[in-house]
Every structure is written in C-alpha cells, then in structure tokens.
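Here are my notes on this one, in the order I'd go through them at the screen. Have the model open while you read.

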Amino acid sequence: MTKKKDGLTLRPTGDRVLVLPDKNEESVTNSGLIVPTKDQNITGVVVGIGPGRTLDSGDFAEIGINFGERVLIGRYGHDEISFEGERYYLVPESSVLAIIE
C-alpha cells in the first residue's frame, strides 16, 4: 500500500510502515519553534505498508499492521521524512509498540 499525492507515490520498502503523525504531537510557538507536547511516544495513522521481509530461513514474512490503523511508536524508533510538504515517520515494523483500537 502506498501514500499518493499529486500523482507521486511513496511506497515503503521491506518491513517498514509509513505513519502520518497525529497533529497534536507538537505545537508551534509564535516565533516558529516546534515544541513536542509529549516526551515519550508518538501516535499516528498508517498510510503506507511495505511488502514485508525475508527471514533467515528463506520464508517471507508479511507485515502484521494494516493500512489505516492507529499505532503507537517510540519517540526514537523511526526516521522522519518530508514528502510533498507533509511530515511522515518511516518505521520498521519492530518499532511499532502497539495498535490503538
């Protein structure tokens, strides 16, 4: 699954998921400084899923997280990327702490 915008596609590779963070994760001061409102974990919605990964045994393991699920990820277990003016987190499946139901 992918995130599409303006005809461009952003598709995670391997066992990574693309997470759009919730907007309440940070605030912006009058001078433009971005201040995180949480100290530890981040919540967001999965907007892209990689195909999975090949195990040492040679078997293929699909990702157990679905498109559209809200997830909890650690503050430092991701890569922050910008795509088409929007901020996303690219997260290995092993760094997703929980699915929020």
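**Notes on the strands, the sheet and the core**

1. Let's begin in the sheet, with E3 and E11. Strand E3, residues 16-21, runs antiparallel to E11, and four bridges join the two. If you want a residue pair to find this place by, take Val19, which sits opposite Tyr89 of E11. Keep in mind throughout that this is a predicted model.

2. Now the overall make-up. The protein chain has twelve strands and zero helices, so if you read off the elements from the N terminus you get β every time, as the DSSP runs define them. Of its 101 residues, 30% count as buried. The accessible surface is about 6,400 Å², and carbon and sulfur atoms hold 49% of that. As for contacts between residues at least 6 apart in sequence, 61% of them join residues at least 24 apart.

3. Which strands make up the open sheet, and in what order? There are six of them, running E10-E11-E3-E6-E9-E12 with antiparallel pairing. E10 and E12 are the edge strands; each has a single partner, so one side of each has no neighbour in the sheet. On average, neighbouring strands here are turned by 40° against each other, ignoring direction. As background, strands of a sheet pair through backbone hydrogen bonds, and the pairing can be parallel or antiparallel.

4. Start from the E10 edge. E10 and E11 run antiparallel and are joined by five bridges, with Phe83 standing opposite Glu86 of E11. The two strands form a hairpin with two residues between them. One to check in that turn is Glu84, whose phi is positive, at about 55°, and this in a residue other than glycine. Glu84 belongs to the loop between E10 (79-83) and E11 (86-92). Is Glu84 buried or exposed? Neither in full: its relative accessible area is 33%, which makes it partly exposed, because that class covers the range between under 20% (buried) and over 50% (exposed).

5. Next, E6 and E9. This pair is antiparallel and has five bridges. Thr43 faces Leu72 of E9 across the pairing, standing opposite it. E9 also pairs with E12, again in the antiparallel sense, over four bridges.

6. At the E12 edge, look at Ile99, which lies in E12 (residues 96-100). Its opposite number in E9 is Val71. Leaving aside residues up to four places away in sequence, Ile99 touches Gly64, Ile65, Glu69, Arg70 and Val71. Ile99 has a relative accessible area of 34%, so it is classed as partly exposed. The C-alpha atoms of Ile99 and Gly44 are 9.9 Å apart, although 55 residues separate the two in sequence.

7. What makes up the largest nonpolar core? It has twelve residues: Val17, Val19, Ile42, Val46, Ile49, Ile63, Ile65, Val71, Ile73, Tyr89, Val91 and Val96. The elements giving two or more residues to this core are E3, E6 (41-49), E9 and E11, and E6 gives the largest share, three residues. The Val19 and Tyr89 of point 1 are both on the core list, as is Val71, the residue opposite Ile99. In general, nonpolar side chains in soluble globular proteins tend to be buried together.

8. Finally, His78, which I'd look at with the side chains switched on. His78 is in the loop between E9 (70-74) and E10. His78 counts as buried, because its relative accessibility is 16% and the cut-off for buried is under 20%. Where does its side chain reach? The backbone oxygen of Gly74, at 3.4 Å. Beyond the residues up to four places away in sequence, His78 touches Ile42, Ile73, Tyr89, Leu90 and Val91. Among these, Ile42, Ile73, Tyr89 and Val91 are also listed in the core of point 7.

Key: Residues are numbered from 1 along each chain as its sequence is written. This is a predicted model: local features need pLDDT of at least 70, side-chain atom pairs count only at pLDDT 80 or more; totals for chains, interfaces and linings use all residues. Side-chain values use heavy atoms; hydrogens and water are left out. Buried means under 20% relative accessible area, exposed over 50%, partly exposed in between (1.4 Å probe, protein chains only). Contact means heavy atoms within 4.5 Å. Two strands pair if DSSP finds at least two bridges between them. Axes are lines fitted to C-alpha atoms, for helices over the stretch in contact, and angles run from 0 to 180 degrees between N-to-C directions. A polar contact is a pair of N or O atoms within 3.5 Å; within protein, one must be able to donate a hydrogen and the other to accept it, and residues adjacent in sequence count only if both atoms are side-chain atoms. Accessible areas come from the Shrake-Rupley method with a 1.4 Å probe; for residues, only the protein chains shown count as cover. A nonpolar core is a set of buried Ala, Val, Leu, Ile, Met, Phe, Trp, Tyr and Cys residues joined through side-chain atoms within 4.5 Å.
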